[in-house]
Amino acid sequence: MFRSRLHTLPLVLAATLVLVGGLLLAWPGRAGAAADPLISRGKPATASSAESSSLGAKNAFDGAPATRWASAEGKDPQWIRVDLGAAATISRVRLNWEAAYAKAYRVEVSTDGATWTPVAQETAGNGGTDDWTGLSGKGRYVRVHGTARGTAYGYSLFEAEVYGTLDGGPPPTGAFTVVAAGDIAAQCTASDSGCAHPKTAALARQIDPKFYLTMGDNQYDDARLVDYRAYYDKTWGAFKAKTHPVPGNHETYDPAGSLAGYKGYFGSIAYPQGKSYYSFDEGNWHFIALDSNSFDQAAQIDWLRADLAAHGKKCIAAYWHHPLYSSGGHGNDPVSKPVWKILYGAKADLVLNGHDHHYERFAPQDPDGKATAGGIVEVVGGMGGAEPYPIEDVQPNSQKRISGQYGVLKLEFTDSGYGWTYVGSDGQVKDTSPKYSCH
């Protein structure tokens, strides 16, 4: 095995090791390990202790560089482990320590979570990043078992990454990340300290996803073209070319005509098929962008049925402005129910909405609000920058609600499933979803 800690070495020696590392990676026995995929991101994690509820084990596997796990202070030993969900061959473990690092620890694997086998051991750690490559371990669980602290505090990891291959082959290909939000640009700029959309835009840009989705009310108050140019364009407009938007009710208030400013600003980006609703594919996913201002018009409903009948992807996600279910001030909006019935009949997986200015996720449910494993997962993500709304009437099947914290949805899609985190504009993960498989 090989463990690199170049941050602790003088520049000349570091350069030498980089060269040597390049030669080592050219060796066939090490090239495979270097190419193995990350298999621990977002997987269930537990720890022997946590300093506080905000410093739990899951933070070390969420992919967010600002979050971390921290153990109770002043006590040895301590451990953190991840459940990979299936037996795997482990080739690499990368640990990014916070200031409270481990002086001595073991990296261990287990098939049952009870009996552990060491695959790497450190006896003189000095923090920073430890990158253990060339490992050879098999198991479903991976544990970092700290036996001696490097400071008077506890143990703390920003990230613990496990690389390898799951039994039956590598993880599904075609994985990609998407950032989504609704209710975005108030009439303010970064010079106003209370202006939120510059902050959510900075976060969205830092994540750098495959593309962006907006769930309507992109620009307040009347979504005029002049306001799009003065506000939205200065923040979220930076990645307009990678954005797939939909309109909200505020886009219909434009004195120049319903959706005039929206269409004038986004152009063919919002009308790629000549209508305010459209679809596109990415990987094994079919995405459907709908205009919930016109759900009562037969043309869109007929188009939706034809679109669903024609696509050939395994997984389906749809997004629009008005949620069928919401615990916020606007509450449930029955205008979306006919669309839900069509999507449910087509075995759609995920629906994203805005309109209510809070974050909320629901358990899978049918159009009538009955919980069912074969149902649609709905997420309300209306915290892109407009003034937050309070939670008022908690709906059945609502699993998590957050109001008052601006942020974005960071969605992770694979060929056969999906999950997401709600990331606040401060960079902290506020909620992590379950992992779902496509129907």
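Which strands each supply at least two residues of the lining of the largest pocket? Select strand E4 (78–97), strand E10 (176–181), strand E20 (407–413), strand E21 (417–424) and strand E23 (436–437). Those are the ones to colour. Keep in mind that this is a predicted model.

**Stop 1: the largest pocket**

Stay with these strands. The largest pocket holds about 880 Å³ of space. Its lining counts 34 residues. Show Arg41, Lys43, Glu412, Thr414 and Lys435 as sticks: of the lining residues, these are the closest to the pocket's centre. Now highlight E21. This strand gives the most to the lining, with five residues. Next, colour the lining by class. You should find 17 nonpolar, 11 polar and six charged residues.

**Stop 2: the largest nonpolar core**

Select Leu352 and Leu409. Within the largest nonpolar core, which has 32 residues, these two have the most contacts. Centre the view on Leu409. What does Leu409 touch, leaving aside its neighbours within four places in sequence? Begin with Val178, Val179 and Ala180, which are among its contacts. Add Met215, Leu352 and Tyr359, also in contact with Leu409. Then add Val379 and Gly381. Finish with Trp420, Thr421 and Tyr422.

Another core lies apart from this one. That other core has 29 residues. To find it, select Leu84, Ile90, Val109 and Val144, which are among its members.

**Stop 3: strand E7**

Select residues 129–133. This is strand E7, and it is mostly covered: five of its five residues are buried. Turn on the side chains. Which way do they point? Thr129, Asp131 and Thr133 point one way from E7. Asp130 and Trp132 point the other way. Residues on both sides are buried.

Bring E4 back into view. E4 and E7 run antiparallel, and four bridges join them. To see one of the pairings, select Val93 and Trp132: Trp132, in E7, is the bridge partner of Val93.

**Stop 4: Lys347**

Move to the loop between helix H7 (337–345) and strand E16 (350–353). Lys347 is found there. Is Lys347 buried or exposed? Its relative accessible area is 55%, and exposed means over 50%, so Lys347 is exposed.

Now select Cys438 too. In sequence, Lys347 and Cys438 are 91 residues apart. In space, they are 8.7 Å apart, C-alpha to C-alpha. Last, show Ile316 and His439. Lys347 touches both, not counting residues up to four places away in sequence.

Technical notes. Residues numbered from 1 in each chain as written. Predicted model: local features only at pLDDT ≥ 70, side-chain atom pairs only at ≥ 80, totals over all residues. Heavy atoms only, no water. 1 Å grid on protein atoms, 1.4 Å probe; cavity = no way out; pocket = protein on both sides within 12 Å on 5 of 7 lines; lining within 4 Å. Points joined across faces, edges and corners; volume = space filled by probe spheres on them. Nonpolar A, V, L, I, M, F, W, Y, C, P; charged D, E, K, R; others polar. Core = buried A, V, L, I, M, F, W, Y, C linked by side-chain atoms within 4.5 Å. Buried < 20%, exposed > 50% of the residue type's maximum accessible area, 1.4 Å probe, protein only. Contact = heavy atoms within 4.5 Å. Pairing = 2+ DSSP bridges.
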